[in-house]
Each structure stands twice: as C-alpha cells, then as structure tokens.
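Grab the model and work through these exercises one at a time. Try each task yourself before you read the solution under it.

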Amino acid sequence: MKKYNQDGGVMALLLNIILVLALIGAGAFAWSLYQQNQDYKTKFDAKVQEEVAKAKAAQQTELNQKFAEREKSPNKTFKGSATYGSIQFKYPKTWSAYVDQSSSNSPINGYFFPDVVPSTTRSTQSPTAFALRLELLDTDYDQVVKQFDSLITQGNLKASAYVPPQMKGKHDVQTGIKFDGQIEQNLNGSMVIIKVRDKTLKIYTESNKYLDDFNNTVLKTLTFSP
C-alpha cells in the first residue's frame, strides 16, 4: 500500500511538471503571438500613415497645379506693330515679357517667362529655358529652316507642316513648319517657323514644361497679317 502511494506521488509530480511546462509553453506561445501582433500592428499603422501622407501630398500637388492653372487666366495679349504684320497671340497672365524692337535684322525679339524674365544673355553650360521666345527675322524663310537640317538628320528633331489654327483658310497664308525635339543645344521644346510678309517668324518654347501653354494658348490664338 505504501509503494502504491509512492508511485502515485511520483506520477502526480510528473503530471505537475508537465502541466507547468505546458503552461510555460502556452504562455511563451501566447507572448510570441502577442509580439507578432504588435509588430504587425506597428508596421500596419506605419504603412497607413505613409499612405495617408502620400495621399495628402498628392492632393496638395493637385490643388497647387489647379491653382497655378487658374492663376494664368485671364490671359494677356501680345500685339505687334502693324508695320511688321500685326502679330498677335495670348499668353498666361502669370508670365512677364521683355520685347526688344530696336533691331532692323530682328524687328521683334521677345522673351516670356513666369513671374520675372531672367537675363537674356545665353549661357552655353546651363541656358535659361524660356517659356516662350518670339523672333521676327529679316532672313529668308528657307534659310532659317535649313539651319535645322542636321538635327533632323540626326533624329533629334521632328518636323511637320503647320498652319496656326486661326490662320487656316486665310488668303495668302503660306504653310510653315513645326519642329518638336531638340530645338537648340541642351534645349528641348517646340518651334513654329512661318512667313509673315517678307519676314520670317520664329515662335517657340524652350522647355517641354511649357508645351501645354504653347500649344493650347499661344499657338491656338496666334494671328498675323500675311
């Protein structure tokens, strides 16, 4: 009878040890799950905050862009002298203009840029990309166009026939040419060259940043007396 009690005590002790180990294991497992859950929650919360920040930044950028577009209206109007073909077009009111009309070789030489027009002195290393350039040249049309032959041959410039929308169907208007791509060294944009009476008009943007304004505002409203 005594031996039975001893065996029973040993068995009870073993069961208690197993139970304690099981409880410790369960506790460790539960703590591991808790830690994993906390890590997941921390990472999830961080990801949510990151996505919220991105969404707010994107929304702010969109709002800034919409505000900038609204600020461009109503547009300003450039009106050239009747002596040189009454060149006229609209451009964003947030742009400033500097137009030199003192040279006989270039009766109109204009620079347009947002806010304040920077120096017109050209730097070969980092040239200013003007939003809009306007040149009326006392140079033959074919001679001006020929200057871009090498860029077209190299594949850096694409040329296509062009007539401003407001001038289509007008009497005596000759088809001009539109260049898209590398219009000058280190400058990519879009340029229209067209005859205006006995002169040659070059009107262009020196940066793709201003292409929408150039195509949808400037060229869309460009008129002149052929």
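**Exercise 1.** Find the residue that is the bridge partner of D100 in β4.

*Solution.* Start at D100 and step across to β4: the partner there is N109. This is a predicted model, by the way, so everything here is computed from it. Next, widen the view to the two strands. β3 and β4 (residues 108-114) run antiparallel and are joined by 6 bridges.

**Exercise 2.** Work out the strand order of the open sheet, and say which strands stand at the edges.

*Solution.* First, the general idea: strands of a sheet pair through backbone hydrogen bonds, parallel or antiparallel. Now trace the neighbours in this open sheet of 7 strands: the order reads β3-β4-β5-β9-β8-β7-β6, and the pairing is antiparallel. Then look at the ends. β3 (95-100) and β6 (157-162) each have a single partner strand, so one side of each has no neighbour in the sheet. Going from one strand to the next, the twist averages 15°.

Last step: see what lies across the sheet strands. Helix α4 (residues 211-221) lies across β3, β5 (132-137), β6, β7 (176-184), β8 (187-196) and β9 (199-205). Its direction is at about 135° to β9.

**Exercise 3.** Put the sheet in the context of the whole protein: how many helices and strands are there, and in what order do the elements run?

*Solution.* Count up and you get 4 helices and 9 strands. Reading from the N terminus, the pattern is α-β-β-β-β-β-α-α-β-β-β-β-α. Then check the contacts: among those with a separation of 6 or more, 48% are between residues 24 or more positions apart. For burial, 30% of the 226 residues count as buried. As for the surface, the protein exposes about 14400 Å², with carbon and sulfur atoms supplying 53% of that.

**Exercise 4.** Describe the geometry of the F113 and F130 pair, and explain what the pair ties together.

*Solution.* The aromatic pairs in the protein number 11. For this one, the centres are 6.1 Å apart and the planes make 80°, which makes the pair edge-to-face. Now place the residues: F113 is in strand β4 and F130 is in the loop between β4 and β5, so the pair links parts 17 residues apart in sequence. Is F130 buried or exposed? Its relative accessible area is 1%, and the cut-off for buried is under 20%, so F130 is buried.

While you're looking at rings, F78, F89, Y91 and F112 make up one aromatic cluster. Y111 has a charge for company: the charged end of R133 sits over its ring, 3.9 Å from the centre.

**Exercise 5.** Find out which residues Y84 and K76 touch, leaving out those up to four places away in sequence.

*Solution.* Take Y84 first, in the loop between β1 (76-79) and β2 (88-91). Its contacts are P107, L136, V196 and K199. D198 sits 114 residues away from Y84 in sequence, yet the two are 9.1 Å apart, C-alpha to C-alpha. Y84 has 30% relative accessibility, so it counts as partly exposed.

Now K76, which is in strand β1. K76 is in contact with F89, K90, Y91, P92, K93, W95 and S96. Of these, K93 is 17 residues along the chain from K76, with 5.1 Å between their C-alpha atoms. At a relative accessible area of 31%, K76 is partly exposed.

Conventions:
Residues numbered from 1 in each chain as written. Predicted model: local features only at pLDDT ≥ 70, side-chain atom pairs only at ≥ 80, totals over all residues. Heavy atoms only, no water. Pairing = 2+ DSSP bridges. Axes fitted to C-alpha atoms, helices over the stretch in contact; angles between N-to-C directions. Contact = heavy atoms within 4.5 Å. Buried < 20%, exposed > 50% of the residue type's maximum accessible area, 1.4 Å probe, protein only. Areas by Shrake-Rupley, 256 points an atom, 1.4 Å probe, with all protein chains shown as cover. Phe/Tyr/Trp six-rings, centres within 6.5 Å; stacked < 30°, edge-to-face > 60°. Lys NZ or Arg CZ within 6 Å of the ring centre and 35° of its normal.
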